Amino acid sequence: MSEQKTILQVDAPRTRASLARDLQELGLEPGMTVIVHSSLSALGWVCGGPVAVIQALTDVLTPAGTLCMPAHSGEYSDPAQWHHPPVPADWWPVIRESMPLFDPRCTPTRGMGRIAETFRSWPETQRSSHPQVSFAAWGRHARTITANHGWDFPLGETSPLARIYDLDGSVLLLGAPYGNNTSFHLAEHRVPGRPPAANGAPALENGQKVWKVIQDVETDSDVFDALGADFEQAHPVRRGKVGSADCRLFRQRPAVDFAVAWLSSR
């Protein structure tokens, strides 16, 4: 959607203050631990763009709370598995050889949206060290959430998602659908017998850059919208508007537990 079209579709600009009021009305409170999946365009025209959105979130949570967002960089992966778009097979060895090492300080996100990309370098924000599916966090539990992110099964038990589960945190879908809810990937890792998968990325070992295999399980976010709809029928979900965006706020732990049972029954 063009900026002009966005302006014409709203009655007033969204601001740091108005977004904070909407977030409070939705149920966000000081001291909460929350992972946010967001769409800036869904909010309407925001004065200050992604900066104002992050300011509103941190204003409501306060430093006693914790804000987390995905900071994934999917291009730091095996080119043989690239499909959007694919690259020629004769490029694969060159890409593996020349791909830079992941650096949590400067490696950009990919496909996460402007809010998450801005947040990854936000002051006092910590970022986990996985080359493909890192997470960024700010606030009280930021270091706990982002520390020791395992190389293998990176959305499983050593992931920031599992640390949010331990903290009984919440999920905020800020204009984003259930299909973007990465916490359901934690559930996939907890389903017995999930088919194995593998990927790869450059790593530094003994001072040398090497291509390292990443062990994982098969994931499928295509079912997450249906999963989320069924979850809403069984568990309380706070729904409301933040700016123009349809938003949902719910506890992560019951969502993951429900998803484990739902996926196991398929």
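A charge sits over a ring if NZ of Lys or CZ of Arg is within 6 Å of the ring centre and within 35 degrees of the ring normal. Keep that handy for the first exercise; the model here is a predicted one.

**Exercise 1. Charges over rings**

Find which ring R190 lies over, and which ring K212 lies over.

*Solution.* Start with R190: it lies over the face of Y165, 4.3 Å from the ring centre. Then take K212, which lies over the face of W151 at 5.0 Å from the ring centre. Both distances fit the 6 Å cut-off, so the two cases count.

**Exercise 2. A salt bridge across the chain**

Work out which residue D78 forms a salt bridge with, where the two partners sit, and whether each is buried, partly exposed or exposed.

*Solution.* Step one: D78 pairs with R96, with the closest N and O atoms 2.8 Å apart. Step two: D78 is in the loop between β2 (66–70) and α4 (92–98), while R96 is in helix α4, and 18 residues separate them. Step three: D78 has a relative accessible area of 13%, which is under 20%, so D78 is buried. R96 comes in at 26%, between the 20% and 50% limits, so R96 is partly exposed.

**Exercise 3. Another bridge, then a network**

Classify D103 and R105 by accessibility, then trace the network that holds E232.

*Solution.* D103 and R105 form a salt bridge, again with the closest N and O atoms 2.8 Å apart. D103 is buried at 17% relative accessibility, whereas R105 is exposed at 71%.

Now for E232: its side chain meets that of R248 in a salt bridge at 2.2 Å, N to O. E232 belongs to helix α9 (residues 224–234) and R248 to strand β9 (residues 245–251), 16 residues apart. Both E232 and R248 are buried. Bridges with shared partners join E232, R239 and R248 into one network. Across the model, the salt bridge count comes to 12.

**Exercise 4. Naming ring geometries**

Decide whether the Y76 and F102 pair, and the Y178 and F250 pair, are stacked, tilted or edge-to-face.

*Solution.* The count of aromatic pairs is six. For Y76 and F102, the centres are 6.4 Å apart and the planes make 85°, which is over 60, so the pair is edge-to-face. Y76 is buried at 9%, and F102 is buried at 13%.

For Y178 and F250, the centres are 5.7 Å apart with 35° between the planes, so the pair is tilted. Y178 is in the loop between β5 (170–174) and α8 (183–190), F250 in strand β9, 72 residues apart. Finally, ring pairs link Y178, F184, F224, F231, F250 and F258 into a cluster.

Definitions and conventions. Residues numbered from 1 in each chain as written. Predicted model: local features only at pLDDT ≥ 70, side-chain atom pairs only at ≥ 80, totals over all residues. Heavy atoms only, no water. Salt bridge = Lys/Arg side-chain N within 4 Å of Asp/Glu carboxyl O. Helix = DSSP H or I, 4+ residues; strand = E, 2+ residues; numbered from the N terminus. Buried < 20%, exposed > 50% of the residue type's maximum accessible area, 1.4 Å probe, protein only. Phe/Tyr/Trp six-rings, centres within 6.5 Å; stacked < 30°, edge-to-face > 60°.
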